[in-house]
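User: Hi! Could you walk me through this structure with a few questions and answers?

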Amino acid sequence: MHNSEAIVFKALADDTRLRILRLLSLEELNVWELGSILDLPQPTISRHLAILRSHSLVIDRRDGNRVFYRVGELRPPFDKFAEYLESLPNHEPTDLIRLEECLARRAVGSRRFADDKAAEWDELAKSFQRQPLQLFAMAGLLGRKELTLADLGTGTGLLLPFLAASAGQVYAVDQSVAMLRRARQRCARNQIDNVHFIHSRLEKLSGRLPPCDGMLLHFVLHQVARPAGLLRALGKELKPGGRLVIADRIKHDDQAISEKYGSLWHGFECEQLESWLKPGGLRMVEWRLLPGSENHQDQLPGFVLIAEKTELQSSIA
Ligand SMILES: C[S@@+](CC[C@H](N)C(=O)[O-])C[C@H]1O[C@@H](n2cnc3c(N)ncnc32)[C@H](O)[C@@H]1O
């Protein structure tokens with residue numbers, strides 16, 4: 001036997017250290033938790049952990065001001081040791097009962113937080129980057145790399161990072177050079193290389209886009225001079241089965257909002273849009289209303305409309 005192995009065996013030859021290792025083979029724990037389970041003072045636990053750590057039998061991880069320990073990547077012949085410890089159900093059974101109690105106490109903390117904060121949660125959630133996280137999470141779930149998408153009226157490209165994460169290729173179109181410059185800068189900052197920029201009016205796009213699986217008009221239609229004509233033209237650029245998604249404001253009579261956002265139109269109604277979709281071979285498959293916000297006067301009720309181009313209608317020229 002190697003001398004180094006003998007030293008490790010010596011480190012293991014202690015009942016408390018074996019109990020610590022067994023607990024850590026089941027769960028990552030901090031010194032305070034180990035002390036409460038083993039009913040030992042923290043300095044004693046720390047001393048044992050230091051010995052185990054010096055032989056790489058445990059490794060640690062800092063989380064804020066706490067340090068959590070777990071069993072290390074053990075090399076032979078110690079690699080089977082954690083398994084061996086787990087297979088000792090009758091060894092110090094109270095340790096396992098107390099481990100469960102300790103983990104239950106952790107869970108109580110987070111449940112109490114949830115109970116206490118339910119009423120404030122929506123406000124609290126605004127304080128971290130919740131919306132980008134949500135969107136990237138959706139992109140991960142729903143995205144398909146073979147998709148070709150178009151962000152029509154991309155503006156400063158606010159949505160491009162999420163679209164680029166959801167698709168193989170994204171075409172970002174806008175009539176404004178100033179907006180497109182910012183959209184390009186955003187993509188460069190985010191190291192996005194699958195977005196292609198097109199400086200054009202949407203009405204003049206014919207033939208400049210590849211057949212698209214999806215097109216997005218996100219807060220754009222209210223600025224378009226001839227919305228009915230545009231929807232008709234866009235339908236022809238979509239692949240059969242492709243989708244056009246429109247997000248905008250519901251019809252309203254707030255002149256100040258329309259001026260502030262450069263709107264030609266005071267929002268839209270479902271029936272009006274549905275009738276504009278048909279000539280382009282598009283069929284509305286979903287209409288979702290989003291309520292406005294009482295706290296934010298700019299947030300009037302909005303909608304998301306999803307239209308699909310059917311196989312049959314795709315033959316309409
Ligand atoms: C309110 S911004 C929205 C930008 C982006 N979609 C978003 O949600 O952040 C509308 C954008 O659409 C563009 N736009 C409006 N009408 C257009 C048209 N007919 N052709 C090309 N771009 C247009 C404007 O230049 C502007 O950048």
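User: What is the mean pLDDT of the protein?

Analyst: Happy to start there. This is a predicted model, where local features need pLDDT of at least 70, side-chain atom pairs count only at pLDDT 80 or more, and totals for chains, interfaces and linings use all residues. Residues are numbered from 1 along each chain as its sequence is written. pLDDT is the predictor's confidence in each residue, from 0 to 100; 93% of the residues reach 70 or more, and the mean is 87.

User: Which strands are the edge strands of the open sheet?

Analyst: Strands here are DSSP runs of E, at least two residues, numbered from the N terminus, and two of them pair if DSSP finds at least two bridges between them. Seven strands form the open sheet with mixed pairing, in the order 6-5-4-7-8-10-9. Pairing on one side only marks the edge strands: strand 6 (195-199) and strand 9 (282-290).

User: In which sense do strand 7 and strand 8 pair, and which residue in strand 8 stands opposite Gly214?

Analyst: Strand 7 covers residues 212-218 and strand 8 covers residues 238-249. Over six bridges, the two pair in the parallel sense. Opposite Gly214 in this pairing stands Arg243.

User: How many nonpolar, polar and charged residues does the shell around the ligand have?

Analyst: The ligand is surrounded by 16 residues (C-beta atom, placed from the backbone, within 6 Å), and Gly153, Gly155, Gln175, Leu202 and Gln223 are the closest. Ala, Val, Leu, Ile, Met, Phe, Trp, Tyr, Cys and Pro count as nonpolar, Asp, Glu, Lys and Arg as charged, and the others, Gly among them, as polar. By class, the shell has six nonpolar, seven polar and three charged residues.

Terms used: Helices (H or I, at least four residues) and strands (E, at least two) are DSSP runs, numbered from the N terminus.
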